Amino acid sequence: MSVQQRVICTICSERYRMTDQILAGTCGHVFHDECLDRWRLESSTCPICRSEESVYFQLYLDFEEPSTSPGQDQSQGQSGSTVDSEYSGIMREYETLLYETGVYREEIEYLNERMEAITLRNSQLSSDSD
Ligand SMILES: [Zn+2]
Ligand SMILES: [Zn+2]
């Protein structure tokens, strides 16, 4: 998948990040907490639709960070990519285990059959020796 995060704050034209404080208005427009604060020093209307009644509440977004801005975020560490690779690693391991389970199941069935045969043989032998 090559879906890029292109949701931006209209006030500062920056993309939203997981760590940003994001506010959504009842008019439907979304801005950075700090950008809206700055805006509201000058105007009480929504920067986009000029709605005056809009009430803002904090928005908690859950999205994958695009990994296209190297350098800037390194001090903060922890991008989504480590979780991603960890997840696909787990899935791969799961598939391997699933496959192995199938193999072992066949083997167990085979061993069970052999044990049955041996038990049968054993009981025949012990009855023979009587
Ligand atoms: Zn902003
Ligand atoms: Zn608005």
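Begin by selecting Ile-22 and His-32: Ile-22 stands opposite His-32 in strand S2, and Ile-22 itself is found in strand S1. Strands here are DSSP runs of E of at least two residues, helices are DSSP runs of H or I of at least four residues, and both are numbered from the N terminus. What you have open is a predicted model, in which local features need pLDDT of at least 70 and side-chain atom pairs count only at pLDDT 80 or more, while totals for chains, interfaces and linings use all residues. Residues are numbered from 1 along each chain as its sequence is written, and chains are lettered from A and ligands numbered from 1 in the order in which they are written.

**The hairpin**

Widen the selection to residues 22-25, which make up S1, and residues 30-32, which make up S2; the two pair in the antiparallel sense over 3 bridges, where pairing requires that DSSP finds at least two bridges between two strands. S1 and S2 form a hairpin with 4 residues between them, and in that turn Gly-28 has a positive phi of about 105°. Moving along S1 to Ala-24, you will find Val-30 of S2 standing opposite.

**The sheet and its helix**

Ala-24 also has a bridge partner in S3, namely Phe-57. Select residues 56-59 to show S3, which runs antiparallel to S1 and is joined to S1 by 4 bridges. With the 3 strands displayed together, the order S2-S1-S3 can be followed across an open sheet with antiparallel pairing. S2 and S3 are the edge strands, each pairing on one side only, and the twist averages 35° from one strand to the next. Now add residues 33-42, helix H1, which packs on the sheet and touches S1, S2 and S3, its direction making about 90° with that of S2; such angles run from 0 to 180 degrees between N-to-C directions, with axes fitted to C-alpha atoms, for helices over the stretch in contact.

**Two neighbours in S1**

Return to Ile-22, which is buried because 20 other C-beta atoms lie within 10 Å; the cut-offs are 20 or more such atoms for buried, 12 or fewer for exposed, and in between for partly exposed, with C-beta atoms placed from the backbone. Leaving aside neighbours within four places in sequence, Ile-22 is in contact with residues including Tyr-16, Val-30, Leu-59 and Leu-61, contact meaning that the C-beta atoms, placed from the backbone, lie within 7 Å. The C-alpha atoms of Ile-22 and Tyr-56 are 9.7 Å apart in space, although the two are 34 residues apart in sequence.

Next select Leu-23, also placed in strand S1: this residue counts as partly exposed because it has 19 C-beta neighbours inside 10 Å. Beyond residues up to four places away in sequence, Leu-23 touches Phe-31, Leu-36 and Phe-57, among others. Asp-33 lies 10 residues from Leu-23 in sequence, with 5.5 Å between their C-alpha atoms.

**Into the loop, then the whole chain**

Ile-48 is found in the loop between H1 and S3, and is partly exposed because 15 other C-beta atoms lie within 10 Å. Not counting residues up to four places away in sequence, Ile-48 touches Thr-10 and His-29; the C-alpha atoms of Ile-48 and His-29 are separated by 7.4 Å, with their positions 19 residues apart along the chain.

Finally, display the complete protein chain, which has 2 helices and 3 strands and follows the pattern β-β-α-β-α along the sequence. Of its 130 residues, 6% count as buried.

Conventions. Two residues are in contact if their C-beta atoms, placed from the backbone, lie within 7 Å.
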